[in-house]
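Visitor: Please show me the model, and then let me ask about its sheets, cores and rings.

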Amino acid sequence: MGTAGQRCTTLRRLIAHESVKEEIISRLKTAYSKVRIGHPLEGNLIGPLIDKHSFEAMQDALEQALSEGGRVFGGQRQLQDQFPNAYYVSPAIVEMPEQSEVVCSETFAPILYVIGYNDFEEALRLNNAVPQGLSSCIFTTDVREAEQFMSAVGSDCGIANVNIGPSGAEIGGAFGGEKETGGGRESGSDAWRGYMRRQTNTVNYSRELPLAQGITFD
């Protein structure tokens, strides 16, 4: 939220179990209502969107969410009289009946889509059923769920966190994504490779000359 949703690892989708979804939405609304919006150098958490186009893209996404059956809370322009040439907005929470087209799109704005699920396998399918694959996270006290989420049959993202959000990157970990957000890794164990010339060596220490594929001549 601190970058007004303009971050590649910003949480866009909250997939919540149906038994706690309404409580989570209620608590989020309370938290969002207390967030300070304004100049980021004056102690405020949410600064402006980068430009008018970004603001219009956010409003278009919210309108599309409404047309796809969503319920929108927030998302209005703020501080227009004080900053007529800047585009401050209140963060939006959007409760969606399903993972529709707009939910699968990146807007780079402070929009959080909330979707319900009933079992863990359904949640995994929803997590992976988007074209992006950079960062993901799970909050659970079930070790089996956590291990599956991080396994080859779990999250298909380049980053899969447990009990911590998806934003940011650990300096010691490789950073990069899969699918439409693929393209290799940087930092972590991959960082030093960019500064080296990699070479493959085969050294024969015997006094014989072995031939490829074990070929011998009489």
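The questions and answers below go through strands, helices, cores and aromatic rings in turn.

Visitor: What kind of model is this, and from which number are residues counted along each chain?
Guide: This is a predicted model, in which local features need pLDDT of at least 70, side-chain atom pairs count only at pLDDT 80 or more, and totals for chains, interfaces and linings use all residues. Side-chain values use heavy atoms, with hydrogens and water left out, and residues along each chain, as its sequence is written, are numbered from 1.

Visitor: In what order do the 4 strands of the open sheet lie?
Guide: Strands are DSSP runs of E with at least two residues, and helices are runs of H or I with at least four, both numbered from the N terminus. Two strands pair if DSSP finds at least two bridges between them. The pairing in this open sheet is mixed, and the order is E1-E6-E5-E2.

Visitor: Which are the edge strands?
Guide: An edge strand here pairs on one side only. That applies to strand E1 (13-17) and strand E2 (71-73).

Visitor: Which residue of E5 is the bridge partner of Arg71?
Guide: E2 and strand E5 (residues 92-95) run antiparallel and are joined by 3 bridges. Within E5, Arg71 has as its bridge partner Glu95.

Visitor: What angle does the direction of helix H2 make with that of E6?
Guide: Axes are lines fitted to C-alpha atoms, for helices over the stretch in contact, and angles between N-to-C directions run from 0 to 180 degrees. Contact means heavy atoms within 4.5 Å. Helix H2 (residues 52-67) packs on the sheet and touches E2, E5 and strand E6 (111-117). Its angle with E6 is about 25 degrees.

Visitor: And what is the angle for helix H3 and E6?
Guide: Helix H3 (residues 120-128) also packs on the sheet, where it touches E1 and E6. Its direction makes an angle with that of E6 of about 145 degrees.

Visitor: Which element gives the most to the largest nonpolar core?
Guide: A nonpolar core is a set of buried Ala, Val, Leu, Ile, Met, Phe, Trp, Tyr and Cys residues joined through side-chain atoms within 4.5 Å; buried means under 20% relative accessible area, exposed over 50% and partly exposed in between, with a 1.4 Å probe and protein chains only. The largest core has 23 residues, and among those that touch the most other members are Met58, Val94 and Ile111. Two or more residues each come from H2, E5, E6 and H3. With 5 residues, the element that gives the most is H2.

Visitor: Is Tyr88 buried or exposed?
Guide: Rings of Phe, Tyr and Trp (its six-membered ring) pair if their centres lie within 6.5 Å; planes under 30 degrees apart count as stacked, over 60 as edge-to-face and the rest as tilted. Phe83 and Tyr88 form a tilted pair, with 5.1 Å centre to centre and 40 degrees between the planes. Phe83 counts as partly exposed because its relative accessibility is 22%. Tyr88 has 4% relative accessibility and therefore counts as buried.

Visitor: How far is the charged end of Lys29 from the centre of the ring of Phe73?
Guide: A charge sits over a ring if NZ of Lys or CZ of Arg is within 6 Å of the ring centre and within 35 degrees of the ring normal. Arg77 lies over the face of Phe55, at 5.8 Å from the ring centre. For Lys29 over Phe73, the distance is 3.4 Å.
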